[in-house]
Amino acid sequence: MRMRMMMMIGFLCKALAIQVRFSRSSSSTFPFLHQHLYPFSSLSSSLSEAHSFTVSHLINSYGFSHKQALSASKYTNFKTPEKPNLVFAFFDSHGFSESQISEIVRSKPQILVSDPQKSLFPKLQFFYSKGASKPEVAKIVASCPTILTRSLKNQIIPYFNLLKEIFPSDEMAMRSIKCFPRALVDKPRCTESNINALQEIGVPKSNIAMLLTFQPKTFMVRPDHFKEVLDEVKEMGFDPSKIYFVVAVKVIRGQSKSTWKRKVEAYKGWGWSEEEIRLAFLKSPWCMVVSEDKLMAKMDFFLNKMGKESSLIARRPLLLSYSLEKRLLPRYSVVQFLLSKGLIDKDLSFKAVFESNEKMFLHRFVNVYKEEAPHLYIWIQCIWFSAEHDS
């Protein structure tokens, strides 16, 4: 038994020695035989070559950093620039700028080895067929390159058909997509379910369309959580048939419970009761969008600078949605100037001073006093210009 074991060990050692000698000589003497007996060495070399070229091409042609190129090369490899050049030429022919193409490649490098006519063109053509121009399509794709990697048949078209049920025209459905292209690829099933939930409780399509156009992120949440928000908004007293219902849904959906609680406490700090806060939110849901810092600054302005009662602001919560720098302070300054000159009476309503549009305000408080205060119009325009550029 021991002798057999020794013979076996000797045989294996000889075989190993022969294999080592053969591998050293065959690569130069018998390259074809070496390639077939040891294919992985040539494959490794080939992959290394492709990897090296890919990294170099991404850096030199698309402005990738070395780290970005290495990361991207995990998803795409090519030995020659032929395919990437075809993709670049395709995007260029459809009006994409170099910066947009670079953005797309950085986000989805695997697109560089795709077949433009088979995988990319049908998606662009679909958007064109719905009324989008080349610049608009370029902007949509560049802002959300993931669109190019999703199925036209199974995802993009079904989502657009969903929008068509809400919007009265293809053009308006496309407007929603242009405002937020990521809606095409980010939780479309949740969006569909949440749209249905709104319709079931009587929210008009026109109000759903408004929310889809300007606040599409509102829908991108689990249906069970969205239903909780709807129930909360209804309990507060909002009517699903009115526009403020979807505004309230957006406001509550857009912030955490802890943020909401902090704002409630901030209002309480200015003397508001729970009921006053609820009624203020019913009148103007935007009063709960204001950041805590801005909320404190505006309440300080109304109560300490103007000397108004906190309950008065609670009854006119729309005032809190106006910009302190662009609207409240400039208009207050104009009124104070006119009062100091004896040109107006002291008893002025908040509505006249702060809630009227710019045209009405200028007519009532600036234009009619051109002779008495000719510099007033220029002065207020300078204030507004400064506030606009400092914000």
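Angles under 35 degrees between helix axes count as roughly parallel. In the predicted model, helix α11 (residues 188-200) and helix α13 (residues 223-235) pack at an angle of about 30 degrees, and the two helices are therefore roughly parallel to each other. Their axes lie 9 Å apart, and the crossing of α11 and α13 is right-handed. On the α11 side, the contact involves Cys190, Ser193, Asn194, Ala197 and Leu198; these residues meet Pro223, Phe226 and Leu230 of α13. By class, six nonpolar and two polar residues take part in the contact of α11 with α13, and no charged residues do.

These two helices belong to a protein chain with 22 helices and zero strands. Of the 391 residues in the chain, 39% are buried. Among contacts in the chain with a separation of 6 or more, 67% are made by residues 24 or more positions apart.

Helix α17 spans residues 292-305 and has 14 residues. The distance from its first C-alpha to its last is 19 Å, close to the 20 Å expected at 1.5 Å a residue. Buried positions in α17 are Leu295, Lys298, Met299, Phe301, Phe302 and Leu303. The elements covering the buried residues of α17 include α15 (257-269), which precedes α17 in the numbering, as well as α18 (310-315), α19 (324-340) and α20 (350-355). Just after α17, glycine 307 adopts a positive phi of about 75 degrees.

Note on methods: Residues numbered from 1 in each chain as written. Predicted model: local features only at pLDDT ≥ 70, side-chain atom pairs only at ≥ 80, totals over all residues. Heavy atoms only, no water. Helix = DSSP H or I, 4+ residues; strand = E, 2+ residues; numbered from the N terminus. Expected span 1.5 Å × (residues − 1). Buried < 20%, exposed > 50% of the residue type's maximum accessible area, 1.4 Å probe, protein only. Contact = heavy atoms within 4.5 Å. Axes fitted to C-alpha atoms, helices over the stretch in contact; angles between N-to-C directions. Parallel < 35°, antiparallel > 145°, perpendicular 65-115°, else oblique. Left-handed = near helix turned anticlockwise from the far one by under 90°. Nonpolar A, V, L, I, M, F, W, Y, C, P; charged D, E, K, R; others polar.
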